[in-house]
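Reader: I am in my first year and still learning to read structures. Please take one part of this one and go through it closely, then show me what lies around it.

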Amino acid sequence: MYDIDRLEKQWSRYNKKRKRPLYISLFLLTLGIALAAEVYLNDTLRDSLIALLQKDSRHQTVAAAEKLPPSEANVSVENEPMKSEEKANIPKVVIEVEPNPYDVASKEPVLEPVESLERVPEAKSDSPKPESAHKKMHLDILDTSSVTAYKDVESRFYQTHDTDDSLFLARSYFNRGEYKKAEYWALQTNKVDNSIEESWLLFAHAKAKLGQKQDAIKVLKSYIIKTNSIEAKRLLEQIK
Amino acid sequence: MKSRYEVAKNVFIDSVDVDDYIDLSTSVSAFRQLQYSIEKPLKMILLFGRPGTGKSILLNRIAMKLKKAKEIHYFETPSTNEKEFFHKLFKVLTNQELPSNTDINFSSLVNYCKGLRGEREIVILLDEAQMYGPEMMEKIRLISDTRVIKFIVSLHKTEDEDLIAKEHFQSRIWEVIELKNATLEDQIAYVHKKLLKKNLFEVANSIKEKEMRLIHSFTRGNFRECNKLFYTIFEICEYYDTHEPSKIRYDRISKKVIEMAALKLGYIDV
């Protein structure tokens, strides 16, 4: 009779040895799957992260844009790929980056991406003189409906007494039909500088809209006497 | 009580006993071919195959089968020298023992055979003929040329012996019968028939085809190796049956037991 115990031990060793390639194959397979999964997950995670960051970026942009006047909001939206025709409107964007101590919108971080190397030179080449650009800024802001933006301009006017700010407010409120406020800001402009025709016209026009037609006519007549302004005469005829 | 595996293992004790002969499709075919060749006017017939393919048992069976119809003699053990071989041959021819201190003259023997032509036709089965040297084989050929003695020469088929077969046999017009290793189907039939012959039906039924594939791969269809492996398998089973019955499956011979036997016999190693 054989030594069965010894034979059994021998068989156990044989069995382990035989299964070793299987275990190694399984280990390598598991390792391969794990690596593949890791690479796949990393890619997916990275894509998700990029998508998330892009989404956040868009949210911030939109949020900031909501705080801006409509024209500037449009500018931020124009961060999206634009057609060549749309790029022609870029001067607006450049105007925002003009150093202007009263321009709140230009300090908004959302406009920073607009200052890309790609766009700035193009904008500069097309941009008119700085003065006209300055005026354009206010024209843009006229379209805004953001209350915060008006508050910022108002508070800035009280600090600086810049007629550009007060005239902007008068014009904006007038365009929005808020004639009482338009009258107020036209008067504020006149108080600082009574030679600005637009403020006189806005003041008179606002008064007329508020039903104070006689006062409006009186104001216009006195201004016509003083300056012989054609615009004032035209407005006077209109009011009459 | 005697373990069933003790009986089973004894079934596979290697022997050339004609009672242990198992009819398989291939062995039946070889038997018929050999029987047919003996009837033909051939001087020598070559039976060859790898060890364990059933050459000896086939010779034994043909001797048993034809002993009443023909003058047939089976030289199971090869003679160690020429003298011993001629002594055996003398006894076959004369039915007498050669007196001691007497040698046979080969030319006289050939002439004696020639004198018997037409009177007798003797068949001599030479097993393990690779043990005879080329000189001896040449003398056997000269005796067969007398057409009185027909030799059936059984050879192991190995690389060297294949050369012998080519040089000494295939150059002449002799019949060549080759025995091949058993196929899986043959081996399954062989094992089952062997066990059923001893009424070991349950044991035979516990050897499934899957395990037989493993056994066939170890033994490569060699009947002798198959006998050895089964003997060892049943010896291990006998141990478990007697000492640790919980470790053995009675409905199926386990792969573990087969591999333990293979380790024991050196078919596989650690």
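Author: Start with Phe151(B). Leaving aside its neighbours within four places in sequence, this residue is in contact with Met44(B), Ile124(B), Leu126(B), Ile140(B) and Ser144(B). Bear in mind that the model is predicted.

Phe151(B) belongs to the largest nonpolar core, a set of 31 residues. Within that core, Phe151(B) is among the residues that touch the most other members, together with Leu47(B), Leu125(B), Leu126(B), Ile152(B) and Val153(B). Leu126(B) therefore appears twice here: it is in the group that touches the most other core members, and it is also in contact with Phe151(B) itself.

Several elements of chain B give two or more residues to this core. The helices among them are H2 (25-39), H3 (55-66) and H6 (134-144). The strands are E1 (44-49), E2 (71-75), E3 (122-126), E4 (149-156) and E5 (175-179).

Helix H3 of chain B also holds Ile57(B). Is Ile57(B) buried or exposed? Neither word fits: 18 other C-beta atoms lie within 10 Å of Ile57(B), so the residue is partly exposed. A buried residue would need 20 or more. Ile57(B) and Ser27(B) are 30 residues apart in sequence, and their C-alpha atoms are 9.9 Å apart in space.

Next comes the partner chain. Between the two chains, 9 residues of chain A are in contact with 10 residues of chain B. On the side of chain A that touches chain B, the residues divide into 6 nonpolar, 1 polar and 2 charged.

Chain A has 12 helices and 0 strands. Buried residues make up 28% of its 240 residues. Of the contacts in chain A with a separation of 6 or more, 58% join residues 24 or more positions apart.

One pair of helices in chain A can serve as an example. The axes of helix H7 (residues 147-160) and helix H8 (residues 163-176) of chain A come within 9 Å and cross at roughly 140°. The crossing of H7(A) with H8(A) is left-handed. From H7(A), the residues that take part are Tyr150(A), Val153(A), Glu154(A), Arg156(A) and Phe157(A). They meet Asp165(A), Ser166(A), Phe168(A) and Leu169(A) in H8(A). By type, the residues of this contact divide into 5 nonpolar, 1 polar and 3 charged.

Key: Residues are numbered from 1 along each chain as its sequence is written. Chains are lettered from A and ligands numbered from 1 in the order in which they are written. This is a predicted model: local features need pLDDT of at least 70, side-chain atom pairs count only at pLDDT 80 or more; totals for chains, interfaces and linings use all residues. A nonpolar core is a set of buried Ala, Val, Leu, Ile, Met, Phe, Trp, Tyr and Cys residues joined through C-beta atoms within 7 Å. A residue is buried if 20 or more other C-beta atoms lie within 10 Å of its own, exposed if 12 or fewer, and partly exposed in between; C-beta atoms are placed from the backbone. Helices (H or I, at least four residues) and strands (E, at least two) are DSSP runs, numbered from the N terminus. Two residues are in contact if their C-beta atoms, placed from the backbone, lie within 7 Å. Axes are lines fitted to C-alpha atoms, for helices over the stretch in contact, and angles run from 0 to 180 degrees between N-to-C directions. A crossing is left-handed if the near helix is turned anticlockwise from the far one by less than a right angle, and right-handed if clockwise. Ala, Val, Leu, Ile, Met, Phe, Trp, Tyr, Cys and Pro count as nonpolar, Asp, Glu, Lys and Arg as charged, and the others, Gly among them, as polar.
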